[in-house]
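Biologist: Could you walk me through this model, one question at a time? I would love to hear the reasoning behind each reply.

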Amino acid sequence: MSLADKNPVSGYSIKETAERTGITEDTIRYYEKIGLLPRAQRKGNSHRIYSEQDLEMMKLITCLKKTGMSLDDMRPFLNLSLDSDLSQYPELHEMILTHKQKILEQIASLQQVVDFIDNKVEQGSLGPQACELTGDTRRRMPARSKR
């Protein structure tokens, strides 16, 4: 149990939390707003206060985001304690393995692109030829909402 859990006035301010996790203050607030993070404890002056466990959860979110996992897809993982045995949760274990497989497919597709470029550099020209690259290496952006 962290200090913030024992005493709601100790812990890290949102500014300190942002500095320690690399997540902006606005993003931390957003994660709380959408329920990705639990509501922060508050000091008497209503300033947010975060525990060490809160910071570890934010670091996990950052790591999962770096894998390309969407915020919605990571929600079930964030409901577990940080020391949970993933093998005890077959659906989540399968989800993370499926996510890994998608990443491996992206790596293979990108390796084809690198090989193509290496081949063109070695040839010294772009020369006419049919494109033999397979797979879609473009990253799809979500549609923007009209306001």
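Biologist: Which helices are included in what covers the buried residues of helix 5?

Modeller: A word first on the source: this is a predicted model, where local features need pLDDT of at least 70, side-chain atom pairs count only at pLDDT 80 or more, and totals for chains, interfaces and linings use all residues. Residues are numbered from 1 along each chain as its sequence is written, and side-chain values use heavy atoms, leaving out hydrogens and water. Helices here are DSSP runs of H or I with at least four residues, strands are E runs of at least two, and both are numbered from the N terminus. Going by contacts (heavy atoms within 4.5 Å), the cover over the buried residues of helix 5 includes helix 4 (52-66) and helix 6.

Biologist: Why are the buried residues of helix 5 on the same side?

Modeller: Buried means under 20% relative accessible area, exposed over 50%, and partly exposed in between (1.4 Å probe, protein chains only). In helix 5 (residues 71-78), Met74, Phe77 and Leu78 are buried. They sit on the same side of helix 5 because the arc they cover around the axis, taken from the directions from the helix axis to the C-beta atoms, is only 90 degrees.

Biologist: Which element gives the most residues to the largest nonpolar core?

Modeller: Such a core is a set of buried Ala, Val, Leu, Ile, Met, Phe, Trp, Tyr and Cys residues joined through side-chain atoms within 4.5 Å. This one has 21 residues, and Ile28, Tyr50, Ile61 and Met74 touch the most other members. Two or more residues come from each of helix 2 (14-21), helix 3 (25-33), helix 4 and helix 5. The top contributor, with 5 residues, is helix 4.

Biologist: Is Thr17 buried or exposed?

Modeller: Thr17 lies in helix 2. Leaving aside residues up to four places away in sequence, Thr17 touches Tyr12, Ile28, Tyr50, Leu55 and Met58. Its relative accessibility is 0%, so Thr17 counts as buried.

Biologist: And how does Leu133 count, buried or partly exposed?

Modeller: Leu133 lies in the segment after helix 6 (90-123). Together with Phe116, Ile117 and Val121, Leu133 makes a nonpolar surface patch of about 340 Å². Because its relative accessibility is 31%, Leu133 counts as partly exposed.

Biologist: Last one: what share of the 147 residues in the protein chain is buried?

Modeller: The protein chain has 6 helices and 2 strands, in the order α-α-α-β-β-α-α-α from the N terminus on. Among its residues, the buried share is 22%.

Conventions:
Patch = residues over 30% accessible without salt bridge, like charges linked within 9 Å, V, L, I, M, F, W, Y side chains within 5 Å. Areas by Shrake-Rupley, 256 points an atom, 1.4 Å probe, with all protein chains shown as cover. Salt bridge = Lys/Arg side-chain N within 4 Å of Asp/Glu carboxyl O.
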